[in-house]
Every structure is written in structure tokens, then in C-alpha cells.
Amino acid sequence: MIFFDWLIANIGTIVVGVVVLAVVALVIVLMARDKKQGKSSCGNSCASCPMAGKCHPAKPDQE
């Protein structure tokens, strides 16, 4: 009976925790899927990035 009292007293916190955990898990799964497909998570605005040539190596010019 003590467990059920504790559960009822904390049900809001438990629900919010489960929702936050589900969102974090979804973000991790989507990031892993994007990485497998070769997509970048940086947004591809390399002009302002100090590591511009490191994560996206220059492609040879095609003539």
C-alpha cells in the first residue's frame, strides 16, 4: 500500500520523466539513422565554421 501512495503522489513527475526520456531516445535514434545515411548534423554552413575543411573534405573539381 505504501508503494501505491508514493506512485499516486509522484505520478506527474513520472509521466513528465517518461515523456522526456522518450523524446531524448527519439532524437538519439534519428541522429544515428542520419549518420548511417551519411547526413551531417552541422547544417552545412561551413563558411563560418573554424573546422570547415575537416568534416567535409574538399571535393576534386570535376571538369
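**Notebook: a three-helix chain**

I started just past helix α2: Gly38 follows this helix and has a positive phi, near 85°. Helices here are DSSP runs of H or I with at least four residues, strands are E runs of at least two, and numbering goes from the N terminus.

I noted the ground rules. The model is predicted; local features need pLDDT of at least 70, side-chain atom pairs count only at pLDDT 80 or more, and totals for chains, interfaces and linings use all residues. Residues are numbered from 1 along each chain as its sequence is written, and side-chain values use heavy atoms, with hydrogens and water left out.

**Confidence**

I looked up pLDDT, the predictor's confidence in each residue from 0 to 100. The chain mean is 82, and 70% of the residues reach 70 or more. Confidence peaks in α2 at 94 and is lowest in helix α3 (residues 52-55), at a mean of 69.

**Overall layout**

I found 3 helices and 0 strands. The order along the sequence is α-α-α. I then checked burial, where buried is under 20% relative accessible area, exposed over 50%, and partly exposed in between (1.4 Å probe, protein chains only). Buried residues account for 0% of the 63 residues. The accessible surface is about 6100 Å², and carbon and sulfur atoms hold 68% of it. These areas come from the Shrake-Rupley method with a 1.4 Å probe; for residues, only the protein chains shown count as cover.

**Helix α2**

I checked its span, expected as 1.5 Å times one less than the number of residues. The 26 residues of α2 should span 38 Å, and the end C-alpha atoms lie 37 Å apart, which agrees.

Val23 sits in α2 (residues 11-36). I logged Val23 as partly exposed because its relative accessibility is 46%. Val23 belongs to a nonpolar surface patch with Ile11, Val15, Val19, Val27 and Met31, together about 520 Å² of accessible area. Patch members need over 30% relative accessible area and no salt bridge; like charges are joined within 9 Å, nonpolar side chains (Val, Leu, Ile, Met, Phe, Trp, Tyr) within 5 Å. A salt bridge is a side-chain nitrogen of Lys or Arg within 4 Å of a carboxyl oxygen of Asp or Glu.

**Aromatic rings**

I counted 2 aromatic pairs. Phe3 and Phe4 are edge-to-face, 5.8 Å centre to centre with 65° between the planes. Phe3 and Trp6 are stacked, because their centres are 6.2 Å apart and their planes at 25°. Rings of Phe, Tyr and Trp (its six-membered ring) pair if centres lie within 6.5 Å; planes under 30 degrees apart are stacked, over 60 edge-to-face, the rest tilted.

Phe3 and Trp6 are 3 residues apart in helix α1 (residues 2-9), about one turn. Phe3 is exposed at 52% relative accessible area; Trp6 is partly exposed at 48%.
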